[in-house]
Number of protein chains: 2
Amino acid sequence: MSEALKLGIAGLGTVGIDALKLIAMHGERFASRTGCAVEVGGVSARSRRKNRDIDISPYEWFDDAVALAKSEDIDVFVELIGGEDGVAKASVEAALKAGKHVVTANKALLAHHGVELARLADAKGVALSFEAAVAGGIPAIKTIRESLLANKITRVYGILNGTCNYILTAMRESGRKFDDVLAEAQEKGYAEADPSFDVDGVDTAHKLAILAGVAFGCRLDFEAVHIEGVRHISPLDIQFAEELGYRIKLLGIATRTEHGVEQRVHPCMVPLAAPIAHIEDVFNAVVVDGDFIDTTMYEGRGAGAGPTASAVVADLIDIARGARVPTFALPVKDMEPFKAAPPESRRGAYYIRLMALDRPGVFADVADVLRDNDISMEAVLQRGRAPGEAVPVVM
Amino acid sequence: MSEALKLGIAGLGTVGIDALKLIAMHGERFASRTGCAVEVGGVSARSRRKNRDIDISPYEWFDDAVALAKSEDIDVFVELIGGEDGVAKASVEAALKAGKHVVTANKALLAHHGVELARLADAKGVALSFEAAVAGGIPAIKTIRESLLANKITRVYGILNGTCNYILTAMRESGRKFDDVLAEAQEKGYAEADPSFDVDGVDTAHKLAILAGVAFGCRLDFEAVHIEGVRHISPLDIQFAEELGYRIKLLGIATRTEHGVEQRVHPCMVPLAAPIAHIEDVFNAVVVDGDFIDTTMYEGRGAGAGPTASAVVADLIDIARGARVPTFALPVKDMEPFKAAPPESRRGAYYIRLMALDRPGVFADVADVLRDNDISMEAVLQRGRAPGEAVPVVM
């Protein structure tokens with residue numbers, strides 16, 4: 001490595017721009033703490049002339065991210081392009097093959113191709129770092145990969161998507177419907193024009209697959225994630241949950257069971273006494289359970305330019321300090337194959353809301369069905385009466 | 001370093017014993033993740049024959065911790081003796097001077113002598129690691145020293161003492177008095193026979209001084225911590241706090257101000273909407289505010305054998321991997337001198353409870369005093385009437 005760590009930054013959206021700002025503002029801090037200065041050896045993005053927050057003309061421009069990835073003038077390729085394939089994948093592969101360290105915020109890329117990319121990094125002995133890809137400003141990856149490594153981790157779960165958490169918080173606080181709140185989130189810039197990636201749980205699933213790989217030492221398997229989003233949640237559900245002492249959160253949950261690894265993304269009823277119930281708005285949280293640590297939770301902004309840029313630079317600091325940890329805590333050759341727990345092995349509690357006609361005998365019918373299927377009830381709530389019409393029954 | 005990392009463990013209380021258990025149980029995990037096995041080169045404690053959870057006879061015994069610290073058979077000295085001076089200090093100094101890495105859980109030692117010990121570590125190029133000293137299982141030190149290093153940290157605060165948090169939680173839930181709950185905590189082993197270190201805030205202050213040093217890059221100054229404990233809190237205060245929408249927590253708070261660093265430990269009214277208000281029982285939490293990260297919180301068990309042992313082994317993992325970070329994030333020569341913010345520079349909100357005689361004019365007198373001292377009120381609560389007797393007035 002040269003005396004200064006030279007970066008090639010591909011993708012100049014808000015995160016890329018904040019990373020450039022951070023390096024400009026705290027470059028001395030970086031050098032004094034790592035013993036190594038940091039410089040920008042080149043930048044690349046779709047459009048050179050787009051109006052940006054800062055002047056990028058001092059940086060060498062590359063039309064082609066792949067060319068930047070292979071440039072002799074860089075030590076580390078910072079991929080902030082996004083997308084599971086295309087230029088992002090091509091440029092990261094090119095960088096690793098050229099023996100460059102890679103720092104990326106791209107969860108889709110890692111969830112789909114993380115293992116093969118990690119193999120390339122192993123072969124070249126370079127870092128493939130991705131703190132920014134999961135839960136933004138929360139150092140979840142480093143914590144699991146380093147601080148909690150002494151533990152056998154049994155479960156990792158969390159609120160991994162700020163858009164969904166914002167929507168659920170706003171629905172609860174205002175009593176408004178999903179569609180109204182989504183529209184507002186889009187106006188505020190908290191949700192994309194096409195929100196399906198976020199609200200249907202895919203983004204959470206990407207992050208969960210990565211967390212499971214790091215936590216359990218098994219190869220990532222995004223396809224094995226059971227995914228359910230938040231579109232179908234009604235203000236009524238949120239209100240009933242509160243009455244029962246719960247708050248609805250979209251969680252990604254990965255559990256190591258005796259039957260294999262279970263990965264699921266779906267709305268959950270979280271007891272109000274749990275700290276994670278109080279993680280609101282765009283904040284994210286990651287909870288890790290281990291055999292010696294018991295349980296720990298990490299909370300912070302899961303997205304946004306500043307926190308994400310901070311996570312990118314944290315990875316650069318480790319690279320500058322010469323700290324090398326295998327991509328998913330173990331070299332790929334030592335990772336176990338992914339073994340999915342069969343869905344029928346799952347036992348748990350469920351929230352069911354029925355809209356039942358208010359007439360004698362309906363409740364007995366419901367109870368019969370539950371009994372016939374060996375399902376027991378913890379709580380039942382029926383509110384209001386409207387003879388001949390449908391009323392909600394919640395259990 | 002030899003092929004296996006050889007440990008000398010001094011202090012075989014519950015943490016020391018759990019560290020030995022963890023190494024025995026997860027030794028292979030350690031080796032596969034670090035590329036380096038771990039062995040115990042010797043142990044030392046006050047009594048060799050004390051009845052312990054595990055058989056320590058396979059380990060080489062040292063009557064003298066200082067002799068163990070200097071032993072040729074160890075690479076890392078693990079100090080779990082405790083106490084700010086005496087054998088703990090002598091053995092840590094001896095280990096550092098002999099060029100051994102040191103891992104310690106001793107917050108009193110670091111709060112009082114951390115800077116001089118760090119100087120010894122700097123001189124020998126060895127690690128002085130202390131994740132276990134602050135907030136037990138929560139990787140607060142590594143997070144601040146590495147993951148958040150790209151940020152200018154403006155404030156670090158938290159619930160740093162599990163005993164106090166347990167007492168405050170139990171007082172709130174049961175409505176019982178401090179003395180009753182303390183006695184119960186002592187029975188359960190959550191509080192020491194002499195509880196003053198915990199309940200008077202000294203333990204929190206030790207941890208706060210360490211956090212401030214790591215977060216702000218200035219030399220530690222334990223003497224500059226303003227300390228107030230929890231003995232004087234009554235169930236009445238806790239009840240009023242809840243009614244006003246707050247929960248009482250003992251916080252340690254270090255803030256970087258334009259006038260210098262402010263360090264204070266005292267009970268605080270935390271708004272119920274804040275996640276830290278919901279950190280209950282013996283759990284700890286650390287919150288860090290930085291310029292790019294905004295705010296992040298880390299929660300977990302702040303004490304207990306398992307979490308503390310996990311933190312000790314996390315430091316050993318970093319040492320085995322060859323990761324070297326200066327003790328307080330910077331070499332001592334580059335740390336700024338500590339500059340304390342003058343107490344009169346502090347502006348904030350306060351909770352005041354008066355027991356006032358219920359007679360006409362009392363309230364006007366109180367209001368006059370506040371006005372004459374340029375203090376404004378946000379909320380006032382008076383509950384109940386008892387003419388001629390004292391009733392609580394809260395503001």
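**Strands, sheets and cysteines**

Let's start where two chains meet: A:Tyr298 has B:Tyr298 as its bridge partner in S12(B). Before going on, know that this is a predicted model, where local features need pLDDT of at least 70 and side-chain atom pairs count only at pLDDT 80 or more, while totals for chains, interfaces and linings use all residues. Residues are numbered from 1 along each chain as its sequence is written, chains are lettered from A and ligands numbered from 1 in the order written, and side-chain values use heavy atoms, leaving out hydrogens and water.

That tyrosine pair belongs to a wider match: S12(A) and S12 of chain B (residues 294-301) pair antiparallel over 5 bridges. Strands here are DSSP runs (E, at least two residues; helices are H or I, at least four), numbered from the N terminus, and two strands pair if DSSP finds at least two bridges between them. Within chain A, S12 (residues 294-301) also pairs with S11 (residues 283-290), antiparallel over 8 bridges. The two make a hairpin with 3 residues between them, and A:Val287 sits opposite A:Met297.

Now hop to chain B, where an open sheet of 6 strands runs in the order S3-S2-S1-S4-S5-S6 with parallel pairing. Its edge strands, S3 (61-62) and S6 (128-129), each pair on one side only. S1 (residues 4-10) and S4 (residues 76-79) of chain B are joined by 4 bridges, with B:Gly8 partnering B:Phe77.

What about disulfides (cysteine sulfur pairs within 2.5 Å)? The count is 0 over all chains. A:Cys164 can't bond because the closest cysteine sulfur, in A:Cys268, is 12 Å away.

Conventions:
A disulfide is a pair of cysteine sulfur atoms within 2.5 Å.
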